[in-house]
Amino acid sequence: MKQVITTEKIPIFLWLDELDQETLVQAKNLANLPCAFHHIALMADAHVGYGMPIGGVLATNDTVIPNAVGVDIGCGMQVVRTGLNALDSGQLRRILTALRRAVPLGFKHHSRPRPVEVLPDPGTDMLERDLPVVAAEFASARCQVGTLGGGNHFIEIQRGSDDRIWLMVHSGSRNLGYKVAGVYNKLAVQMAGSQKKGVIPKEWQLAVLPLDSATGQKYIREMAYCVAFARANRSEMMTVFQEIVAEISGCEQFEPAFDVAHNYAAFEEHFFRKVLVHRKGATRAFKGEYGIIPGSQGSCSYIVRGLGNPQSFMSCSHGAGRVLGRKEACRRLDLKEEIGKLEARKVLHSLRHRSDLEEAPGAYKDISEVIVSQQDLVEVVMELHPLAVLKG
């Protein structure tokens, strides 16, 4: 741990040396929530988010906070180790071209619904009663599964420190998770408006849902479905990814996929109490548990093993973390310079236009420094060097 910030209610534990003012204000708001438990943990990649910092971990008593999970419920990583030791530049380019044709990117979805079997089974009680938002969006979700999305989502080909080729996918629950998050945050705000005392300031953007309420229980169920949907989404893309790699390279060996989410809330026991742990851009790191920490475009990613540190609620970072907001990155970064960084690293990249600068290397922290900052949370098992990346 780097430092501790004290507040009137509970402390904030940080795994980074510097914290900008906006993120600090959000962290202090979390610490002063009536439902917040024991302390707040900010990972080494922490930066300002909506309501709660990205890279934040919050444990609560008897409540769930939709904005402490975020709009991309279940967003996370999936990796597969192949039997390949190398791919030449021609093969890499052909794989990227085939992926662009096969996987809808950005706001694009499949033109035809995917088979129902591809999606997680919502059970017989899905309709209206238990999963009302999922029920309303299910037909649309069939066109969303197996699509990448935009922003920091990516598909990447990597060479591991084991001299094997790895495949990585970073994506979430697409519009389904966005709709669930929006509906329940709105309901939480409405609930707060009906209370006469103990109201959380609206400007904090941290409206809560009591877990003993019907609405709170519905959110927990719908969130869980979105986490499963996000995993299915990554798996669909990974299946296509492997098929393309196999066709172009002749590879016949693909090890079982390893999948980790980093936007969700889960019931866990910490400091001798069962609490609901919200991880918004944070990876679970129980002792001996494996995790995935991706770098920015063109930088290394890492497979790590958790050390089970209770001070972080057994969590670690979910990536490198931004140093520049998206609009700020487009204003301040130089396109030629950022392309030069990627070409110097011999990475086939997706940086073409000024609008792409929001995901340029210069918009993110140095992932190697982020890893060093959390040596008391995880140990590195595998370093993955990027060879080619496809962005949404």
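Let's start with Lys 28, which sits in helix α1; helices here are DSSP runs of H or I with at least four residues, strands are E runs of at least two, and both are numbered from the N terminus. Lys 28 is partly exposed, with a relative accessible area of 36%. On that scale, buried means under 20% relative accessible area, exposed means over 50%, and partly exposed is what falls in between, using a 1.4 Å probe and protein chains only. Setting aside neighbours within four places in sequence, Lys 28 is in contact with Ile 5, Thr 7 and Ile 12, where contact means heavy atoms within 4.5 Å. For a sense of distance, take Gly 250: it is 222 residues from Lys 28 along the chain, and the two C-alpha atoms are separated by 54 Å.

A word on what you're looking at: this is a predicted model, in which local features need pLDDT of at least 70 and side-chain atom pairs count only at pLDDT 80 or more, while totals for chains, interfaces and linings use all residues. Residues are numbered from 1 along each chain as its sequence is written, and side-chain values use heavy atoms, with hydrogens and water left out.

Back to α1, which covers residues 21-31. Its buried residues are Thr 23, Leu 24, Gln 26, Ala 27, Asn 29, Leu 30 and Ala 31. An α-helix has 3.6 residues a turn, so residues three or four places apart point the same way. The cover over the buried residues of α1 includes strands β1 (3-5), β2 (12-14), β3 (36-47) and β4 (54-60). At the N-terminal end of α1, Asp 20 acts as the cap, with a side-chain oxygen 3.2 Å from the backbone nitrogen of Glu 22. That is a polar contact, meaning a pair of N or O atoms within 3.5 Å; within protein, one must be able to donate a hydrogen and the other to accept it, and residues adjacent in sequence count only if both atoms are side-chain atoms.

Now zoom out. The protein has nine helices and 17 strands. Its radius of gyration is 21 Å, close to the 21 Å that the globule rule gives for 392 residues, so it is as compact as a globular protein of that length; the radius is taken over C-alpha atoms, and the rule is 2.2 Å times the number of residues to the power 0.38. Along the principal axes, the C-alpha atoms fill a box of roughly 65 × 50 × 40 Å. Of the 392 residues, 57% count as buried. Among contacts between residues at least 6 apart in sequence, 75% join residues at least 24 apart. The protein exposes about 17000 Å², with carbon and sulfur atoms supplying 51% of it; that area comes from the Shrake-Rupley method with a 1.4 Å probe.

Next, two buried residues. Arg 234 is in helix α6 (residues 214-249), and at 0% relative accessibility it counts as buried. Beyond residues up to four places away in sequence, Arg 234 touches a list that includes Gly 74, Cys 75, Gly 76, Val 169, Ser 171, Asp 259 and Val 260. Leu 387 is in strand β17 (residues 378-391) and, at 10% relative accessibility, counts as buried. Among the residues that Leu 387 touches are Leu 92, Ile 157, Ile 165, Lys 346 and Leu 348. Asn 263 lies 124 residues from Leu 387 in sequence and 27 Å from it in space, C-alpha to C-alpha.

That contact list brings us to Lys 346, in the loop between α8 (335-344) and α9 (367-372). Lys 346 counts as exposed, at 73% relative accessibility, and has a positive phi of about 60 degrees although it is not a glycine. Met 314 also has a positive phi, near 55 degrees. Met 314 is in the loop between β15 (301-306) and β16 (315-317) and counts as partly exposed at 21% relative accessibility.

Finally, look at helix α5 (residues 174-193), home of Val 183. Val 183 counts as partly exposed at 35%, and Gly 182, also in α5, is partly exposed with a relative accessible area of 39%. Gly 182 and Gly 70 are 112 residues apart along the chain, with their C-alpha atoms separated by 9.1 Å. Val 183 and Trp 15, at 168 residues apart in sequence, are 33 Å apart in space, C-alpha to C-alpha.
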